[in-house]
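Student: I would like to look closely at one single part of this structure, rather than hurry over the whole of it. Please choose the part, and lead me from there to a few other places that make a useful comparison.

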Amino acid sequence: MRRTAIRTAGALLAPALLVPLTAGCGGEASAGDDGTVTVTVGYQSRTINTVTAGTLLRSLGYFEDELRARGERDGVTYEVKWQDYATGAPITAQMTAGKIDIGSMGDFPLLINAARGKQLGRPTKLVSVTGYNLRGGLNTVVTAPGSKLGSLKDLRGRKVSTSVGSAADGTLVRALQQAGLDPEKDIRKLNQQPAVGASALQAGSADALSQFVAWPGLLAFQGRAKALYDGAELNLPTFHGVTVVEDFAKRRPAVLEDFLRAQGRATEYLHAHPVAASESVAKATGLPAEVVHLYNGAQGIATFDTTVKPALVAALEKDVPVLRSAKLVGDVDVDSFVDEQYVKRVYGSAYAKARAAGPPAARGGEVWLKGEDTTSAFATPAEVLRYAAGHEGRVRAAYVPDAGTGTLWFADRAVWVEDAGELRPYVTESAARADVAAHPGSRTVPYATALGLARAS
């Protein structure tokens, strides 16, 4: 991994300022023989609604900036080590082994993090949030483009790939239960890493894939999958957050607050420069910028806010029984796991107002033209279509919200319903079929037809 050292003048002249720590190479803000304090951060570069605590934060260098300033004040040398993983599970393993101090992961992995930390005598705390969606739209079940599967009920007896213990697995379990299927008996669940599952879907060894951001959007964008189930249909919040080893937080609270302050700055940057942030994350991860923007853009599926909102804590409480029934955790004391004191101090008096604020008002879609470093926003999906039709050949990506759930999706991958001249987009075929059934005379139309209708209107 790339290592960023932060050197300060006179760092070695003030060893008495350091809390005695065991020398080592990362974890628990270890101090080396030269007095350097190493802070190790675990993150998931391609889980892109954690970017304000990982990929984007690292590229901006804000945490290093904060620690440099602290080091100059205190006469201490700080070094940040970034460790990148595909899922939250290995981050938890490294935290409980004393190798990572701060990590970011999804809601279900956070609960496993809390349980494992307590079980192994190295308790952790949830201290901030990265990205969230109040309806659950960050998780999606997809199937092959030519698949005849039309709804979750069609998964009976089929092979479904997911990462057991992840937020996407939780979505799959709940969605199947709502559809009247037993997640343990009615499907064959394949426990696979996201990339492996994506390959299995393409090879035909999996019939469907339930995954978290950004895999469903990536596969849809590439034409390698179509959405079978929009996680927002559950109408249950899902989010990713920052967890810290409790002992580290107690011994180095100022350093943790520096991290949260840097995360806040990265969040402000993402809000102020959404396209630049999408391009930056794309460059760091190899993901298409269009996919990053689907989730992280101004109208993206994820809302970024570091405050720990009551609705998200309540969602964690509801997640515990799901994980317990899968025998992945026992009881988890969510109230004791959540610790807002550090992010509150960073925010100051503005925290309560920010914590009470919800996501921005929904818009009607967005278009990103080739060669442009800004996007155009629209009030309705029909306006998106008309604009895209008028700029044929120049559209890099067009995004529209699902007419039912509000989940943003690629306009050319959405399922369109035409109803007496009105055009409504949906993420899934099943949602579009339900709309048609409820509105006699309406019909589903392909994207090209929707464009033509919009152009003629």
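Tutor: Two strands count as paired when DSSP finds at least two bridges between them, and the strands themselves are DSSP runs (E, at least two residues), as helices are (H or I, at least four), numbered from the N terminus. What you see is a predicted model, in which local features need pLDDT of at least 70 and side-chain atom pairs count only at pLDDT 80 or more, while totals for chains, interfaces and linings use all residues. Residues are numbered from 1 along each chain as its sequence is written, and side-chain values use heavy atoms, with hydrogens and water left out.

The part I have chosen is strand 17, which covers residues 415-419. On one side it is joined by five bridges to strand 18, residues 422-426, and these two strands run antiparallel. Within that pairing, the residue of strand 18 that stands opposite Asp419 is Glu422. Strand 17 is also joined to strand 19, residues 443-445, by three bridges, and here too the strands run antiparallel; the bridge partner that Trp416 finds in strand 19 is Val445. In general, strands of a sheet pair through backbone hydrogen bonds, and they may do so in a parallel or an antiparallel way.

Putting the two pairings together, we have an open sheet of three strands in the order 18-17-19, with antiparallel pairing. Strand 18 and strand 19 stand at its edges and have a single partner strand each, so one side of each of them is left without a neighbour in the sheet. From one strand to the next, the twist averages 35°. Helix 17, made up of residues 429-438, lies across strand 17, strand 18 and strand 19, and it runs at about 10° to strand 17. Such angles are taken between N-to-C directions on a scale from 0 to 180 degrees, using axes that are lines fitted to C-alpha atoms, for helices over the stretch in contact (heavy atoms within 4.5 Å).

Now follow the side chains of strand 17 one after another. Val415, Val417 and Asp419 point one way, whereas Trp416 and Glu418 point the other way, and all of them are buried. Buried here means under 20% relative accessible area, exposed means over 50%, and partly exposed is in between, with a 1.4 Å probe and protein chains only. Strand 17 is thus mostly covered, with five of its five residues buried.

Where does the chain go between strand 17 and strand 18? The two strands form a hairpin with two residues between them, and Ala420 is in the turn. Ala420 has a positive phi of about 55°, although it is not a glycine. Most residues other than glycine have a negative phi, and most peptide bonds are trans. Ala420 is also exposed, with a relative accessible area of 78%, whereas the five residues of strand 17 are buried.

For a comparison with Ala420, turn to Asn235, another residue that is not a glycine but has a positive phi, in this case about 60°. Asn235 lies in the loop between strand 10 (226-230) and strand 11 (238-245), and with a relative accessible area of 45% it is partly exposed. A further backbone feature is found at Val213 and Ala214, which are joined by a cis peptide bond with omega of about 5°. The place of Ala214 is in the loop between strand 9 (208-212) and helix 7 (215-221).

Finally, a residue in a helix can be set beside the buried residues of strand 17. Phe259 lies in helix 9, residues 253-272, and it is buried, with a relative accessible area of 1%. Which residues does Phe259 touch, once its neighbours within four places in sequence are left aside? It is in contact with Val41, Ala53, Leu57, Phe63, Ile102 and Val242. The C-alpha atom of Phe259 is also separated by 9.8 Å from that of Val346, although these two residues are 87 residues apart along the chain.
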